Amino acid sequence: MPRAPASTPTAAVIAPQGAPMRPDLKVSDLVVPQNGVGGLPVTLTWKLENLGEVTAKPGWTDLVYLSLDGALNQNSDILLGHVARTAPRNPGQAEQVSATFTLPIGLNGPYHVFVLVGNGGPPNETAKADNLVLAPNKI
């Protein structure tokens with residue numbers, strides 16, 4: 001009767017740990033007025049939510065830009081203003097943000113409006129692609 005081969009010890013297989021749990025800020029539903037006048041205030045609203053698995057710690061800034069060409073360029077587009085985020089955003093938590101900014105005098109538009117969230121943090125965010133929203137209309 002043939003003998004069974006001696007068993008060889010095998011190394012333990014260690015499954016890699018899952019990806020670390022992170023926050024994921026998403027900005028959407030940007031609403032801007034149909035028109036504006038330089039030197040006068042405009043109120044913008046947008047939805048901000050954390051789609052991630054953990055709380056987004058405070059300390060980031062939402063930036064609002066005006067762009068002539070509809071492609072955000074932080075070096076050449078006009079920074080209309082910012083909203084400092086001083087409260088944590090829990091997983092699944094959404095907020096309707098409303099902010100009023102004064103349009104610069106002498107603007108010759110119309111301009112596309114962008115909101116970019118997460119500037120300055122949270123640094124370990126899951127996805128950055130959903131941190132930018134373009135308003136459906138120009139101002």
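Let me begin with one pair of strands, β1 and β2, the latter covering residues 41-50, which run alongside each other in the antiparallel sense and are joined over 5 bridges. To pick out one point along that pairing, look at Ser28, whose bridge partner in β2 is Lys47. I should say at once that what we are looking at is a predicted model.

As a reminder, strands of a sheet pair through backbone hydrogen bonds, and they may do this in a parallel or an antiparallel way.

Now let us widen the view to the sheet that this pair belongs to, which is an open sheet of 3 strands, placed in the order β1-β2-β5 with antiparallel pairing. Why is one side of β1 and of β5 left without a neighbour in the sheet? Both β1, residues 25-31, and β5, residues 94-102, stand at the edges and have a single partner strand each, so one side of each has no neighbouring strand there. If you follow this sheet from one strand to the next, the twist averages 30°.

Stepping back to the whole protein chain, we find 7 strands and 0 helices, so to speak a run of β-β-β-β-β-β-β when read from the N terminus on.

Finally, a few words on packing and surface. Of the 139 residues in the protein chain, 36% are buried, and the accessible surface comes to about 8,500 Å², with 55% of that belonging to carbon and sulfur atoms. If we take the contacts between residues at least 6 apart in sequence, 71% of them join residues that are at least 24 apart.

Methods: Residues are numbered from 1 along each chain as its sequence is written. This is a predicted model: local features need pLDDT of at least 70, side-chain atom pairs count only at pLDDT 80 or more; totals for chains, interfaces and linings use all residues. Side-chain values use heavy atoms; hydrogens and water are left out. Two strands pair if DSSP finds at least two bridges between them. Helices (H or I, at least four residues) and strands (E, at least two) are DSSP runs, numbered from the N terminus. Axes are lines fitted to C-alpha atoms, for helices over the stretch in contact, and angles run from 0 to 180 degrees between N-to-C directions. Buried means under 20% relative accessible area, exposed over 50%, partly exposed in between (1.4 Å probe, protein chains only). Contact means heavy atoms within 4.5 Å. Accessible areas come from the Shrake-Rupley method with a 1.4 Å probe; for residues, only the protein chains shown count as cover.
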